[in-house]
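Visitor: I have a structure here that I would like to walk through with you. Could you guide me with a few questions and answers?

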Amino acid sequence: MKIFTNAQIHELDRYTIENEPISSIDLMERAAKALTRAIMEVWPVSTPVVVFAGAGNNGGDALAVARMLAEQDYKVCTYLFNISGHLSPECATNKKRLQECKRRNEYIEVTEQFDPPRLDEGMLVVDGLFGSGLNKPLAGGFASLVKYINASAAQVVSIDVPSGLMTEDNAYNVRAHIIRANLTLTLGQPKLSFLFPENQIYVGQLRVLDIRLSQEGIQKTESQYTILEENDIRSRLLPRDMFAHKGQMGNALLIAGSYGMAGAAILASKACLRAGVGKVTVNSPRRNIPILQIAVPEAIVRPGSEETLFAEVVETDDFQALGIGPGLGQSEQTAIALITQLRRTQCPIVVDADAINILSTRKAWLQQLPKDIIMTPHPKEFDQLEGHSADSYERLTKACNLAERIHGYIIVKGHYTAICLPDGHIMFNPTGNAGMATAGSGDVLTGILTGLLARGYTPQDACIVGVYLHGLAGDIAAAEVGEESLVASDIIRCLPQAFKRLYE
């Protein structure tokens with residue numbers, strides 16, 4: 001699913017109007033019907049409704065919804081804010097339609113002074129003040145109205161976008177001047193800012209309503225941002241030949257674990273094996289070897305030269321992929337061995353955890369990374385790597401720039417994990433849940449990615465399939481044990497079910 005910028009959203013509306021063809025007011029009526037149905041599914045007819053409509057097309061949507069709810073016997077009080085004395089043509093038409101509606105209930109047009117209504121618990125506020133076209137923070141009376149709504153006990157449903165929230169960059173927004181919706185009913189496609197954790201408090205529950213925008217227009221419109229869908233994954237899955245043997249299914253090398261961190265190597269190894277690779281070899285300090293041999297009997301364990309840390313480069317001629325970083329430690333010896341290993345390795349590489357932390361303190365080494373490398377930082381690790389970001393949009397921009405600069409893949413982990421490709425495109429993963437915020441979850445992802453690379457997936461396909469599988473296995477695990485009790489090994493245990501669901 002493509003995510004469009006504010007400018008593209010309006011262009012897609014125009015394309016639909018011209019090529020369906022349909023008039024702008026009829027497209028708005030179609031949207032209002034979808035909005036009204038969605039509201040009626042949640043709030044019964046006994047709910048008192050207060051509609052706040054702005055002077056633009058978002059206000060036009062709100063006025064149409066007010067009329068339709070009144071026609072369904074809801075008690076509706078509508079406020080149209082016409083401060084400038086100018087309404088968009090569609091808003092003006094829906095104002096006239098509401099005024100002509102015999103069941104319109106109470107209608108107030110605000111041109112100067114505004115006496116706010118009482119908003120009590122059990123009431124519903126329909127927020128139609130500002131939509132996706134907003135490009136500056138709210139101020140003055142509208143900011144005061146937003147604060148008043150947010151301070152009330154009423155439920156809030158926002159049309160398309162919570163008023164005050166911009167669709168992409170909110171770095172310079174005034175957070176107190178953004179509606180905090182319980183439910184956002186967005187039209188067509190989700191907006192980029194909805195995918196950022198700091199905006200969840202404003203969006204609330206999100207529903208995307210299909211208003212039948214032109215599919216031809218959607219296909220023609222190039223987008224930098226995409227949300228992955230199951231069919232994107234299915235089409236990339238590699239078949240397994242019925243005559244295959246382990247030598248044909250890839251040999252993966254994991255360099256992981258320091259003394260006291262054998263668990264990271266175990267989790268990565270088990271996940272790598274579950275990703276379908278033929279063989280996994282684990283290089284770890286000598287003191288970890290007995291633990292690994294017992295915990296992962298399927299893996300080949302290769303002791304490092306040191307008792308407690310990684311300090312010597314491993315030859316990779318016999319391997320199809322390398323995963324390095326989980327539980328590795330950050331000693332100076334390990335750092336020197338890491339950059340030497342990265343420079344000498346010819347096969348695809350996944351870099352995670354302490355390997356990223358080492359690079360973040362030696363940024364000049366980033367120039368020496370091989371092409372198509374995959375890096376999997378969480379937000380804090382990424383900020384250490386590229387500097388503090390004011391918000392998720394800035395962090396995403398930096399990650400995109402880094403991927404282009406090193407010609408690699410940057411996977412910024414989170415609720416909507418972002419896969420930043422070397423060509424500037426960004427793909428968001430929809431699978432996964434809050435239960436996966438647990439120690440070892442990133443080690444599991446490293447193992448999956450390394451296994452897929454060794455199995456024969458391209459770096460781009462390994463990122464896409466691996467991140468989706470990781471989240472899907474987490475969702476299956478959460479369905480079994482709940483989010484609160486989920487641990488990293490549950491994700492590994494549920495990987496077979498995730499694969500089966502995709503292959504079937």
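**Cysteines, strands and cores**

Guide: Gladly! A search of the whole structure turns up zero disulfides, a disulfide being a pair of cysteine sulfur atoms within 2.5 Å. Please keep in mind that this is a predicted model, in which local features need pLDDT of at least 70 and side-chain atom pairs count only at pLDDT 80 or more, while totals for chains, interfaces and linings use all residues. Residues are numbered from 1 along each chain as its sequence is written, and side-chain values use heavy atoms, with hydrogens and water left out.

Visitor: Why is Cys 101 without a bond, and which cysteine has the closest sulfur?

Guide: Cys 101 is buried, at a relative accessible area of 9%; buried means under 20%, exposed over 50% and partly exposed in between, with a 1.4 Å probe and protein chains only. Its closest cysteine sulfur is 14 Å away, which is too far for a bond, and belongs to Cys 77.

Visitor: And how far from Cys 347 is the nearest cysteine sulfur?

Guide: Cys 347 is also buried, with a relative accessible area of 13%. Cys 347 takes part in no disulfide, and from the sulfur of Cys 272, the nearest one, the separation is 12 Å.

Visitor: Turning to the strands, how many residues of strand S11 are buried?

Guide: S11 covers residues 279-284 and is largely enclosed by the rest of the structure. Helices (H or I, at least four residues) and strands (E, at least two) are DSSP runs, numbered from the N terminus. The number of buried residues, out of six, is five.

Visitor: Which strands pair with S11?

Guide: Pairing requires that DSSP finds at least two bridges between two strands. Strand S10 (residues 251-255) runs parallel to S11 with five bridges, and Leu 253 stands opposite Thr 281. On four bridges, again in the parallel sense, S11 pairs with strand S12 (residues 300-303), where Arg 302 is the partner of Asn 283. The strands you asked for are S10 and S12.

Visitor: Which helix joins S11 and S12 in a β-α-β unit?

Guide: S10, helix H9 (residues 262-274) and S11 form a right-handed β-α-β unit; right-handed means that, with the strands pointing away from the viewer, the path from the first strand over the helix to the second runs clockwise. S11 and S12 belong to another right-handed unit, with residues 289-295 as its helix, H10.

Visitor: Which helix gives the most to the largest nonpolar core?

Guide: A nonpolar core is a set of buried Ala, Val, Leu, Ile, Met, Phe, Trp, Tyr and Cys residues joined through side-chain atoms within 4.5 Å. The largest has 59 residues, and Ile 374, Ile 419, Val 444 and Leu 452 have the most contacts inside it. With 12 residues, from the stretch 459-481, the top contributor is helix H16.

Visitor: Is Ser 193 buried or exposed?

Guide: Ser 193 sits in the loop between strand S7 (183-187) and helix H6 (200-203). A polar atom of its side chain is 2.9 Å from the backbone oxygen of Met 166. Its relative accessible area is 0%, so Ser 193 is buried.

Visitor: With which side chain does that of Glu 41 make a polar contact?

Guide: Glu 41 belongs to helix H2 (residues 24-42) and is exposed, with a relative accessible area of 56%. A polar contact is a pair of N or O atoms within 3.5 Å; within protein, one must be able to donate a hydrogen and the other to accept it, and residues adjacent in sequence count only if both atoms are side-chain atoms. At 2.8 Å, the partner of Glu 41 is Arg 207.
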